[in-house]
Amino acid sequence: MTTPNTVDAARVELLLSELRLPGIKLRWAKLAEQSDKEGWPAARFLAALAEHEVADRSCRRMERHLAEARLPAGKTLATFDFEAVPMVSKAQVMALAAGDAWLEQGANVLLFGPSGGGKSHLSAALGLALVENGWRVLFTRTTDLVQQLQVARRDLALESAITKLDRYDLLVLDDLAYVTKDQAETSVLFELIATRYERRSMLITANQPFGEWGKIFPDQAMTLAAIDRLVHHSTILEMNVESYRRREALDRKRGRGRPPVHATTNKTEPAKTD
Ligand code: ADP
Ligand code: MG
């Protein structure tokens, strides 16, 4: 039995569960105690509960977005050594990490450079920063996504599979050049690029700048159409550095701390691969 001044705590918790207010459910008893002790006006108590629920929700949302982004672990902007890639402007990367204008416009980022130069690291780190800033991101190897889209196409569900990806403000396609030259594969990739054009952003990493893209798409018209759409609103970062892994290994051998910089800003030089 409850008198007018006592509250059935179990009932309150049941109601809060039913209303799906887990943040309030977790904290109401303690806050009520504090409120009683300090003589808060009822409105202040209610406001404090609401603030906690909103903060908890945004925390859970961020956790969900981090999980769905499937970012490789441990690749952050803080652990990215910008001195190793002097041709990439840290200020420009930091501006991209804020998101805002470019993601709202569905603009793209294209990251080129030889193997081991830090493309995956930098794109994962950018993805992480964007999730932390409230954007939704999916990081995927290009081959994995292309395979999924091919399966969808076989099931006559390509359009809805591509539409589902609309929920992500940014799609990171890592290692574009490893997609094999196969008509079916490459046309799902083209569908994806064409559908997201000017609506939703993509960050694409590739070993080879456009000169070699004829090898990715089945014919020249499709190659040009894909490049055209990707480049139209884009930031292109070229990371023409020697493999960070190899430099680190060399450095260990020489018994020095940091890898030396063997950078070239000569953009006409063909990208070296491992
Ligand atoms: P890519 O994708 O271009 O082949 P990765 O991003 O996989 O290269 O880099 C290879 C390894 O070297 C990774 O472990 C990555 O974290 C590290 N690495 C590369 N560049 C840097 C950098 N500038 N600062 C810190 N670590 C780096
Ligand atoms: Mg990589």
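A residue is near a molecule if one of its heavy atoms lies within 4 Å of it. The legends below concern a predicted model.

**View 1. The residues around ligand 1.** Ligand 1 is surrounded by 15 residues. Those that come nearest are D81, G116, K119, S120 and H121. Sorted by class, the shell around ligand 1 comprises seven polar, four nonpolar and four charged residues.

**View 2. Helices that contribute to the shell around ligand 1.** Two helices, helix 6 (119–132) and helix 11 (244–254), each supply at least two residues of this shell. Helix 6 provides the largest share, namely three residues.

**View 3. Polar contacts of ligand 1.** In the side chain of H121, a polar atom lies 2.6 Å from an oxygen atom of ligand 1. The side chain of S120 has an N or O atom 2.8 Å from an oxygen atom of the ligand. With G117 the backbone is involved: one of its polar backbone atoms is 3.3 Å from an oxygen atom of ligand 1. The protein buries 85% of the 550 Å² that ligand 1 exposes when taken alone.

**View 4. The pocket that holds ligand 1.** Where does ligand 1 sit? Ligand 1 occupies the largest pocket.

**View 5. A salt bridge between two helices.** D56 and R27 form a salt bridge, in which the closest N and O atoms are 2.7 Å apart. D56 belongs to helix 3 (residues 42–69) and R27 to helix 2 (residues 22–38), so the pair ties together parts that are 29 residues apart in sequence. In the whole structure, a search finds six salt bridges.

Definitions and conventions: Residues are numbered from 1 along each chain as its sequence is written. Chains are lettered from A and ligands numbered from 1 in the order in which they are written. This is a predicted model: local features need pLDDT of at least 70, side-chain atom pairs count only at pLDDT 80 or more; totals for chains, interfaces and linings use all residues. Side-chain values use heavy atoms; hydrogens and water are left out. A polar contact is a pair of N or O atoms within 3.5 Å; within protein, one must be able to donate a hydrogen and the other to accept it, and residues adjacent in sequence count only if both atoms are side-chain atoms. Accessible areas come from the Shrake-Rupley method with a 1.4 Å probe; for residues, only the protein chains shown count as cover. On a 1 Å grid over the protein atoms alone, a cavity is a set of points where a 1.4 Å probe fits but cannot get out, and a pocket is an open set with protein on both sides within 12 Å along at least five of seven lines; lining residues have an atom within 4 Å of a point. A molecule sits in a cavity or pocket if more than half of its atoms lie within 2 Å of its grid points. Helices (H or I, at least four residues) and strands (E, at least two) are DSSP runs, numbered from the N terminus. Ala, Val, Leu, Ile, Met, Phe, Trp, Tyr, Cys and Pro count as nonpolar, Asp, Glu, Lys and Arg as charged, and the others, Gly among them, as polar. A salt bridge is a side-chain nitrogen of Lys or Arg within 4 Å of a carboxyl oxygen of Asp or Glu.
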